[in-house]
Amino acid sequence: MPIARLVNADDLGALLALFADCEVSQSAEPELAKQVWAQTLAREGLAVFVSDEAGRIVATCMLITAPNLLRGGRQHGIIENVATHPDFQGRGHGRAVIAAALAAAWKQDCHQVLLQSGRADPRVHRFYEACGFVPGLRTAYAARRPAD
């Protein structure tokens with residue numbers, strides 16, 4: 001079973017390559033990506049997990065935790081930017097990064113962790129359910145930025 005780890009500062013290029021291979025979304029331009037990466041590494045309550053194979057990052061996810069005045073003051077978490085390289089799917093890398101993120105959230109006493117998916121592929125939803133996420137407990141809404 002693959003083991004996830006927290007990212008380090010040198011992982012930016014490998015993460016951008018992974019995102020390009022997965023075609024999950026358009027990445028930031030290189031100079032902006034460097035700025036965003038520095039902010040990501042410095043931000044409290046934000047952790048990026050990766051799984052490696054043969055010296056290559058093949059899966060990742062980001063955990064964002066936030067204080068909460070409700071739920072008895074217990075934090076809540078959100079998992080974002082989940083990606084596994086298509087050539088490495090089904091080998092446990094995605095499960096490893098999700099498990100690491102959930103373990104970190106529970107260690108921080110989060111009362112729940114939310115994850116949304118815009119993917120229509122039923123395999124993606126079966127994967128998330130197999131990782132412990134229950135569909136239908138919440139209704140997600142998204143507001144898009146108005147056109148400039």
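This report describes the strand pairing and helix packing in a predicted model.

## Sheet architecture

Strands of a sheet pair through backbone hydrogen bonds, in either a parallel or an antiparallel arrangement. In this model, 5 strands form an open sheet, and their order across the sheet is β1-β2-β3-β4-β5. The pairing within this sheet is mixed.

The edges of the sheet are occupied by β1 and β5 (113-115). Each of these strands has a single partner strand, so one side of each is left without a neighbour in the sheet. From one strand to the next, the twist averages 30°.

## Antiparallel pairs and the hairpin

Strand β1 (residues 4-6) and strand β2 (residues 46-53) run antiparallel and are joined by 3 bridges. Within this pairing, A4 has S51 of β2 as its bridge partner.

On to the next pair: β2 and strand β3 (residues 56-66) also run antiparallel, and 8 bridges join them. Here L46 is bridged to I64 in β3. The strands β2 and β3 form a hairpin with 2 residues between them. In that hairpin, A54 adopts a positive phi near 55°.

## The parallel pair

Strand β4 (residues 76-84) pairs with β5 in the parallel sense, and the pairing extends over 3 bridges. I79 stands opposite L115, a residue of β5.

## Helix α3 on the sheet

Helix α3 lies across β1, β2, β3, β4 and β5. Relative to β3, the helix runs at about 25°. Helix α3 also packs with a second helix, as described below.

## Packing of α3 with α4

Two packed helices are described by the angle between their axes and by the distance between those axes. For helix α3 (residues 93-107) and helix α4 (residues 122-130), the axes come within 10 Å and cross at roughly 45°. This angle makes α3 oblique to α4. The crossing of the two helices is right-handed.

On the α3 side, the contact involves G94, R95 and I98. These residues meet F127, Y128 and A130 in α4. By residue class, the contact of α3 with α4 comprises 4 nonpolar residues, 1 polar residue and 1 charged residue.

## Summary of the arrangement

The model thus presents an open sheet with mixed pairing, in which β2 runs antiparallel to β3 and β4 runs parallel to β5. Helix α3 lies across the five named strands and makes a right-handed crossing with α4.

Notes. Residues numbered from 1 in each chain as written. Predicted model: local features only at pLDDT ≥ 70, side-chain atom pairs only at ≥ 80, totals over all residues. Heavy atoms only, no water. Axes fitted to C-alpha atoms, helices over the stretch in contact; angles between N-to-C directions. Helix = DSSP H or I, 4+ residues; strand = E, 2+ residues; numbered from the N terminus. Parallel < 35°, antiparallel > 145°, perpendicular 65-115°, else oblique. Left-handed = near helix turned anticlockwise from the far one by under 90°. Contact = heavy atoms within 4.5 Å. Nonpolar A, V, L, I, M, F, W, Y, C, P; charged D, E, K, R; others polar. Pairing = 2+ DSSP bridges.
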